[in-house]
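Work through these exercises with the sequence and the model side by side. Try each task before you read its solution.

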Amino acid sequence: EPVAKYGTLDVTFDYDSQEQKLLVTVTAVTDIPTYSRTGGSSWQVHLVLLPIKKQRAKTSIQRGPCPVFTETFKFNHVESEMIGNYAVRFRLYNVRRMKKERIVGEKIFYLTKLNLQGKMSVPVILEPSYSLSGCDSQLSMSEVSCSESTSSCQSLVHGSAPEILIGLLYNATTGRLSAEVIKGSHFKNLAANRPPNTYVKLTLLNSMGQEMSKCKTSIRRGQPNPVYKETFVFQVALFQLSDVTLILSVYNKRSMKRKEMIGWISLGLNSSGEDELNHWTEMKESKGQQVCRWHTLLES
């Protein structure tokens, strides 16, 4: 089968570590899908520096099947020692008169791939966008780097909010949904100053909100950044996959019977946020490969 085309950008990166600035030149776009209905189409490329999303840019609008832009954009304050925490998201839009612009494809380019000095020209192959509307999807730091560091790099953005690193994998052949609770970050003991004794409870709900299955990790004692590395497998048929919700709740076990919730997230049908929904969508599209993401816990 031919690979579906969503556009390929001809991009040159030029990074200056002295000035801590990144120059990105968008030269042209090829492999644009043909829209018979749109007739003479116009195209525009949007760029944003992740994770902070403060620095944005967009090209001029160009027409035709192979639009040429040759425009250079500057992103400042990109520290060389933090380069692995940055990425540039490219989005190609089909701009139509009197109608809402339509997103054609997008790609997140991780700056870990850069030469730290000198120019580098690369084809950036766009993929279908998860955000179907023209609006901007919330992309957290966790999308940029799923590092195994003691605390997630997401906390650079969120301060010291408690977070959890989850690995999801779905095997359509066997109908097995695997959820790996990898580690936590910035878990707090709300009542006392000592580090908490934590465990993670996983609950799978059907579309009616009824419990299908539940399980929990063992307890990690006195650790604000606990490592669990425990995997739980749920039997979920492919036709059910869009109708289930997986809730992960983190508890601090204080005494024999007392526990308090540190926070929770949900993934799947009733995802607790856009990051969680994106993670679930990526799992479904990753064809049996594990997808790891950091998530900020919501307060109970």
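## Exercise 1: Overview

Buried residues account for 47% of the protein's 300 residues. Buried means under 20% relative accessible area, exposed over 50%, and partly exposed in between (1.4 Å probe, protein chains only).

This is a predicted model: local features need pLDDT of at least 70, side-chain atom pairs count only at pLDDT 80 or more, and totals for chains, interfaces and linings use all residues. Residues are numbered from 1 along each chain as its sequence is written, and side-chain values use heavy atoms, with hydrogens and water left out.

**Task.** State how many helices and strands the protein has, then describe its surface and contacts.

**Solution.**
- Step 1. Count the elements. The protein has three helices and 17 strands. Helices (H or I, at least four residues) and strands (E, at least two) are DSSP runs, numbered from the N terminus.
- Step 2. Take the surface. The accessible surface is about 15,300 Å², and carbon and sulfur atoms hold 51% of it. The areas come from the Shrake-Rupley method with a 1.4 Å probe; for residues, only the protein chains shown count as cover.
- Step 3. Take the contacts (heavy atoms within 4.5 Å). Of those with a separation of 6 or more, 63% link residues 24 or more positions apart.

## Exercise 2: Confidence

**Task.** Where is confidence lowest, and where is it highest?

**Solution.**
- Step 1. Start with the average. The mean pLDDT (the predictor's confidence in each residue, from 0 to 100) is 82, and 83% of the residues score at least 70.
- Step 2. Find the extremes. Helix α1 (residues 141-144) is lowest, with a mean of 36, while β12 is highest, at 96.
- Step 3. Mark the weak stretch. Residues 131-159 have pLDDT below 50, yet this stretch has 85 contacts in the model beyond near neighbours in sequence.
- Step 4. Apply the rule. Where pLDDT is low, predicted coordinates should not be read in detail.

## Exercise 3: A first open sheet

**Task.** Which strands stand at the edges of the sheet β13-β12-β15-β16, and why is one side of each left without a neighbour?

**Solution.**
- Step 1. Read the order. Four strands form this open sheet, with antiparallel pairing. Two strands pair if DSSP finds at least two bridges between them.
- Step 2. Find the edges. β13 (211-216) and β16 (259-268) each have a single partner strand, so one side of each lacks a neighbour in the sheet.
- Step 3. Add the twist. Neighbouring strands are turned by 20 degrees on average, direction ignored. Axes are lines fitted to C-alpha atoms, for helices over the stretch in contact, and angles run from 0 to 180 degrees between N-to-C directions.
- Step 4. Check the pairs. Five bridges join β12 (residues 198-205) to β13, and Lys201 stands opposite Lys216 in β13. Nine bridges join β15 to β16, where Ser249 faces Trp264. A hairpin of five residues links β15 to β16.
- Step 5. Look at cover. In β16, seven of its ten residues are buried. Helix α3 (residues 274-285) lies across β15 (245-253) and β16, at about 50 degrees to β16.

## Exercise 4: A second open sheet

**Task.** Which strands are the edges of the sheet β14-β11-β10-β17?

**Solution.**
- Step 1. Read the order. This open sheet of four strands has antiparallel pairing.
- Step 2. Name the edges. β14 (227-235) and β17 pair on one side only.
- Step 3. Add the twist. It averages 25 degrees from one strand to the next.
- Step 4. Check a pair. Nine bridges join β10 (residues 163-171) to β11 (residues 176-185), and Ile164 has Gly184 in β11 as its bridge partner.
- Step 5. Place the helix. α3 packs on this sheet and touches β10, β11 and β17; its direction makes about 170 degrees with that of β17.

## Exercise 5: Two residues

**Task.** Are His279 and Glu299 buried or exposed?

**Solution.**
- Step 1. Take His279, found in helix α3. Its relative accessible area is 0%, so His279 is buried.
- Step 2. List partners. Leaving out residues up to four places away in sequence, His279 touches seven residues, among them Ile166, Leu267 and Cys292.- Step 3. Add the polar contact. The side chains of His279 and His295 are joined at 2.7 Å. A polar contact is a pair of N or O atoms within 3.5 Å; within protein, one must be able to donate a hydrogen and the other to accept it, and residues adjacent in sequence count only if both atoms are side-chain atoms.
- Step 4. Take Glu299, in the segment after β17 (291-296). Its relative accessibility is 72%, so Glu299 is exposed.
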